[in-house]
Amino acid sequence: MRKSQTGAQATRNPGRTGRTRTLPPHIQEDVDRVADVVAAGFRSLAWHRMAQELYRYAFRTLNAAMRKTDQLMELVAKSNTPLELSDEDRSTLHRNSDDRAVIALMTVNVAMEEFPRVLAKGGYNPADNPGKDGKFKALKSFFVTRCGLVFPRIFDNWKKERTDLFLRHAKTHMEGWRLAHALGQYDIGQAPPDIVALCDAVTAMIDALKPRNRAVWHMTIEGYTPGEIADALGIKLGDVNNALYTFRTKVKKLRQQGELGIPATVEAEWARRRELDARMAVAR
């Protein structure tokens, strides 16, 4: 911490109004550290240590905020880019630690690139900018605020890249013959009309899914295992299983409501497989 000529700690800073404000010792220490690294042109060991401290703190804070929508929205409230979160976005941020880590790293990297310029222009000036309830903002909190300003832009770019990945695997449209092939009807032209109608109805439902879930089902029909799908799409195995379960539940509900007709031949095959599975279970 800087000392006056008498050796006393300089804990007062002039504001734009010409008055002086007494800063708490830990805030004054932050102000002095910033002055030192700015004077050294951000080439000193002190700057590297400061950057590491800010990086670690912001990474943890962003990870925690992404798990709770209200905290995240408060963090990005002053950003010029609006943050729009779908239910799927909220679920991903809450449950997927890998995705949170990637987004946090991207956000902190961009904020850190801009931070020297912000500090050099006097951006960190707690004496003139007291925070809520007159509490002066520590340098770590100030940096997290900077991260909040860039977060919506980073998140939007991350979503676009992820959607492009899903679309590459989901394709734009899946023909009914693919599902017919998966059901053992290798030549859709020779399949009974009721089989053709079922395949067309289910594939239309799959094509209406969001890109990620559509990609999961396209790859499932093509014979990929859930683990292989998770690896290819860069998502968790639980996300794959959830996509499969959700769609199957929807199909089951439509069957029960009579809105999706299942051909008798398919029902008979399912019954045969259930009986075979039961016999195998008994044999074990």
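Student: Why is Phe42 called buried?
Tutor: In this predicted model, Phe42 has a relative accessibility of 16%. Buried means under 20%. The value of 16% falls under that cut-off, so Phe42 counts as buried.

Student: Where does Phe42 sit in the chain?
Tutor: Phe42 belongs to the loop between α1 (25-39) and α2 (45-66).

Student: What makes the phi of Phe42 worth a remark?
Tutor: Its sign and its residue type. Phi of Phe42 is near 60 degrees, which is positive, and the residue is not a glycine. Lys171 also has a phi near 60 degrees, again a positive value outside glycine.

Student: Where is Lys171, and why is it called partly exposed?
Tutor: Lys171 lies in the loop between α6 and α7 (176-182). Its relative accessible area is 32%. Buried needs under 20% and exposed needs over 50%. The value of 32% lies in between, so Lys171 is partly exposed.

Student: Which residues does Pro116 touch?
Tutor: Phe42 and Trp47, leaving aside residues up to four places away in sequence. Pro116 itself is part of helix α5. The C-alpha atoms of Pro116 and Val34 are 9.6 Å apart, with their positions 82 residues apart along the chain.

Student: What makes α4 roughly perpendicular to α5?
Tutor: Two packed helices are described by the angle between their axes and the distance between the axes. Here the axes of α4 and helix α5 (residues 97-120) cross at roughly 95 degrees and come within 6 Å. The range for roughly perpendicular is 65 to 115 degrees. The crossing angle falls inside that range, so α4 is roughly perpendicular to α5.

Student: Which residues make that contact?
Tutor: From α4, they are Thr92, Leu93, His94 and Arg95. From α5, they are Ser97, Asp99, Arg100 and Ile103.

Student: Why are Phe151 and Phe155 called a stacked pair?
Tutor: A pair of aromatic rings is described by the distance of the centres and the angle of the planes. Rings pair if their centres lie within 6.5 Å. By this rule the structure has seven aromatic pairs. For Phe151 and Phe155, the centres are 5.8 Å apart and the planes stand at 10 degrees. Stacked needs planes under 30 degrees apart, so this pair is stacked.

Student: How do you know that Phe151 and Phe155 are separated by about one helical turn?
Tutor: Both lie in helix α6 (residues 139-170), four residues apart. That spacing puts about one helical turn between them.

Student: Are these two residues buried or exposed?
Tutor: Phe151 has 0% relative accessibility and counts as buried. Phe155 has a relative accessible area of 2% and is buried too.

Student: What makes Phe155 and Trp158 a stacked pair?
Tutor: Their ring centres are 5.8 Å apart, within 6.5 Å, so the rings pair. Their planes are at 20 degrees, under the limit of 30, so the pair is stacked. Phe155 and Trp158 are three residues apart in helix α6, about one turn of the helix.

Student: Why does Trp158 count as buried?
Tutor: Its relative accessibility is 9%. That is under 20%, so Trp158 is buried.

Student: Which residues form one aromatic cluster?
Tutor: Phe115, Tyr124, Phe142 and Phe143.

Student: Why is Ser79 called buried, although it lies in a loop?
Tutor: The class rests on accessible area. Ser79 is in the loop between α3 (69-75) and α4 (87-95). Its relative accessible area is 13%, under 20%, so Ser79 is buried.

Student: What does the side chain of Ser79 reach?
Tutor: It reaches the backbone oxygen of Leu149 at 2.8 Å. A polar atom of the Ser79 side chain also lies 3.1 Å from the backbone nitrogen of Thr81. Polar contacts need N or O atoms within 3.5 Å, so both distances meet that cut-off. Not counting residues up to four places away in sequence, Ser79 touches Gly148, Leu149 and Pro152.

Student: How many disulfides does the structure have?
Tutor: Zero, in a search of the whole structure. The cut-off for a sulfur pair is 2.5 Å. Cys147 and Cys199 are each buried, at 0% relative accessibility for Cys147 and 0% relative accessible area for Cys199.

Student: How many helices and strands does the chain have?
Tutor: Twelve helices and two strands. From the N terminus, the order is β-β-α-α-α-α-α-α-α-α-α-α-α-α. The chain has 284 residues, and 36% of them count as buried.

Definitions and conventions:
Residues numbered from 1 in each chain as written. Predicted model: local features only at pLDDT ≥ 70, side-chain atom pairs only at ≥ 80, totals over all residues. Heavy atoms only, no water. Phe/Tyr/Trp six-rings, centres within 6.5 Å; stacked < 30°, edge-to-face > 60°. Buried < 20%, exposed > 50% of the residue type's maximum accessible area, 1.4 Å probe, protein only. Polar contact = N/O pair within 3.5 Å; in protein donor to acceptor, adjacent residues only side chain to side chain. Contact = heavy atoms within 4.5 Å. Axes fitted to C-alpha atoms, helices over the stretch in contact; angles between N-to-C directions. Parallel < 35°, antiparallel > 145°, perpendicular 65-115°, else oblique.
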